[in-house]
Amino acid sequence: MFKKSLYIFLILISFSAKANFILLPMDESTQKNHLKAYGITYWALDKQYKASWLLNYRGGSFLLPDAPEIRKECQIRGVSFEVLSDAEMQSLLADISSPSQNMETVVLEKAPKIAVYSPPGKQPWDDAVTMVLTYAEIPFKVVYDEEVLSDQLLLYDWLHLHHEDFTGQYGKFYGAYRNAPWYIEQKKDAEALAAKLGFAKVSQDKLAVAKKIRDFVIGGGFMFAMCSATDSFDIALSAEGVDICEPMFDGDDSESNYQSKIDYSKTFAFKNFILDRKPDHYEFSDIDMTEKRRIPFEKDYFTLMEFSAKWDVIPSMLCQNHTQLVKGFMGQTTAFDNELIKSSVLVLGKNELNDEARYIHGQKGKGFFTFYGGHDPEDYQHRVGDEPTVLDLHPNSPGFRLILNNVLFPAARKKPQKT
């Protein structure tokens, strides 16, 4: 009888010690592939598994249930993981919940549906977001003007704005590339698409698209933009009903004194900016800091702000990383002038040397937006025609991690926030 009781006791001990959870550590020394770890988490959510984001715990680690297919997927993708027993998991969560720890547990509820706003066909540059989504094996759909104007954004939770010009000035590439075949072809395609959609000018088409995107955010969507899609989006909204395009862009003169007609109340993030009137100048306005930068390459880093994980959950999620110092990188819109950012917008990352914001976030209506300056986090000065970045060489990129923080952000949207 004693032997039988001992045998049952040992079975119970063994069962209680059985591993029930998988931890994807996201600290610098343990995780072999930070970027693909986001892909694993997204994959698990898509398979109806529950997941938790452990804010500020070992670089923002992910906690998943222990399932054979999750282990197998981690092994296939080269993602480091640790196996935790239920007791270890409960102890870990208790430590995180302690008021003395700047940590928090956020439950991720569902895999967000992702759209990327990008023109069809080959572009003479590469988009960092589509690159990292592809590398992390996170599925997305490409949409453009026709899909946006026919209200297909309602099918998605998260939208990325590709390297884009919403002002109808073709990226201000006229000065350097007006005779390049790709520029001529893109201009012709844009004009044809605008005409097909019933617009006399490309600028009118792009404004209509920007307004639909605005409504998507106000209605509860999540919008992420990089490089020139950030400031050109706000400029387009602020210039509604005002012709700011010169003849080489839309066939007629711009309005006289159009600067005085700009309505800053319509923008998401920026205020009091001055538009650049020169059609051959590769710049939209004084929002961008590219030409105002005096930072040597070796000192070009920006710092992620530190927030209270328990009270400022949203900015804490967006700043999760294995380092607080992120290598800088250039773009048509590299960074944002701090003086021109609305007080309602939160600066998540900035370069103190140049007093510039690199990474900002805000709320519009029921939704959220994030603007990230620069073009490619692992290509310091990406130029038109350069080869795309090979992310196999940068699986632990802090700059690309910030993009993926935003991708997973909508997964936690049903959790009540304290801010």
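Contact here means heavy atoms within 4.5 Å. With that in hand, welcome to this structure, which is a predicted model.

**Strand 9 and Ala225**

A good place to begin is Ala225, a residue of strand 9. Leaving out residues up to four places away in sequence, Ala225 touches His160, Leu161, Thr230, Thr370, Phe371 and Tyr372. Ala225 has a relative accessibility of 0%, so it counts as buried. Phe369 makes a nice example of how the fold brings residues together: Ala225 and Phe369 are 144 residues apart in sequence, yet their C-alpha atoms are 7.9 Å apart in space.

**Helix 10, an enclosed helix**

One of the contacts of Ala225 is Thr230, and Thr230 is among the buried residues of helix 10. Helix 10 covers residues 228–238, and because 11 of its 11 residues are buried, this helix is largely enclosed by the rest of the structure. If you would like to find its buried residues, look for Ser228, Ala229, Thr230, Asp231, Ser232, Phe233, Asp234, Ile235, Ala236, Leu237 and Ser238.

What do the buried residues of helix 10 pack against? Their partners are strand 8 (158–161), helix 9 (202–218), strand 9 (222–226), strand 12 (336–337) and strand 15 (367–372).

**Two buried polar residues in loops**

Helix 10 also leads us to Ser285, since Ile235 is one of the residues that Ser285 touches. The others, not counting residues up to four places away in sequence, are Phe273, Ile274, Leu275 and Asp276. Ser285 sits in the loop between helix 11 (247–250) and strand 10 (301–304). Is Ser285 buried or exposed? Its relative accessibility is 5%, so Ser285 counts as buried. A polar atom of the Ser285 side chain lies 3.1 Å from the backbone nitrogen of Ile287.

Gln31 can be read in the same spirit. Gln31 belongs to the loop between strand 1 (19–24) and helix 2 (34–46). With 3% relative accessibility, Gln31 counts as buried. The Gln31 side chain reaches the backbone nitrogen of Asn33 at 3.1 Å. Beyond neighbours within four places in sequence, Gln31 is in contact with Leu24, Pro25, Met26, Ala37, Val79, Ser80 and Asn396.

**Two helices that cross**

Next, look at helix 5 (residues 128–136) and helix 13 (residues 398–408), which pack with their axes 10 Å apart and at an angle of about 75°. Because of that angle, helix 5 is roughly perpendicular to helix 13. On the helix 5 side, the contact is made by Ala128, Val129, Met131, Val132, Leu133 and Ala136. Helix 13 contributes Phe400, Ile403, Leu404 and Val407.

**Salt bridges**

Side chains of opposite charge can pair when their charged atoms come close. How many salt bridges does the model have? The count comes to 26 salt bridges. Here are some of them:

| Salt bridge | Closest N and O atoms |
|---|---|
| Glu82 and Arg58 | 2.8 Å |
| Arg71 and Asp66 | 2.8 Å |
| Lys196 and Glu146 | 3.0 Å |

The salt bridge between Lys196 and Glu146 joins helix 8 (residues 181–196) to helix 6 (residues 145–149), so the pair ties together parts that are 50 residues apart in sequence. Lys196 counts as exposed at 62% relative accessibility, whereas Glu146 counts as partly exposed at 36%. Salt bridges with shared partners also join Lys36, Glu73, Arg77 and Glu137 into one network.

The salt bridge of Glu82 with Arg58 links distant parts of the chain: Glu82 is in strand 4 (residues 82–85) and Arg58 in the loop between strand 2 (51–55) and strand 3 (61–65), 24 residues apart. Glu82 is partly exposed at 25% relative accessibility, and Arg58 is partly exposed with a relative accessible area of 24%. In the bridge of Arg71 with Asp66, Arg71 is partly exposed, with a relative accessible area of 30%.

**Cysteines without disulfides**

How many disulfides does a search of the whole structure find? The search finds 0 disulfides. Why is Cys245 not bonded to Cys227? The cysteine sulfur closest to that of Cys245 is in Cys227, 19 Å away, and this is too far for a bond, because a disulfide needs sulfur atoms within 2.5 Å. Cys245 is buried, with a relative accessible area of 2%. Cys74 is also buried, with a relative accessible area of 0%.

Note on methods. Residues numbered from 1 in each chain as written. Predicted model: local features only at pLDDT ≥ 70, side-chain atom pairs only at ≥ 80, totals over all residues. Heavy atoms only, no water. Buried < 20%, exposed > 50% of the residue type's maximum accessible area, 1.4 Å probe, protein only. Helix = DSSP H or I, 4+ residues; strand = E, 2+ residues; numbered from the N terminus. Polar contact = N/O pair within 3.5 Å; in protein donor to acceptor, adjacent residues only side chain to side chain. Salt bridge = Lys/Arg side-chain N within 4 Å of Asp/Glu carboxyl O. Axes fitted to C-alpha atoms, helices over the stretch in contact; angles between N-to-C directions. Parallel < 35°, antiparallel > 145°, perpendicular 65-115°, else oblique.
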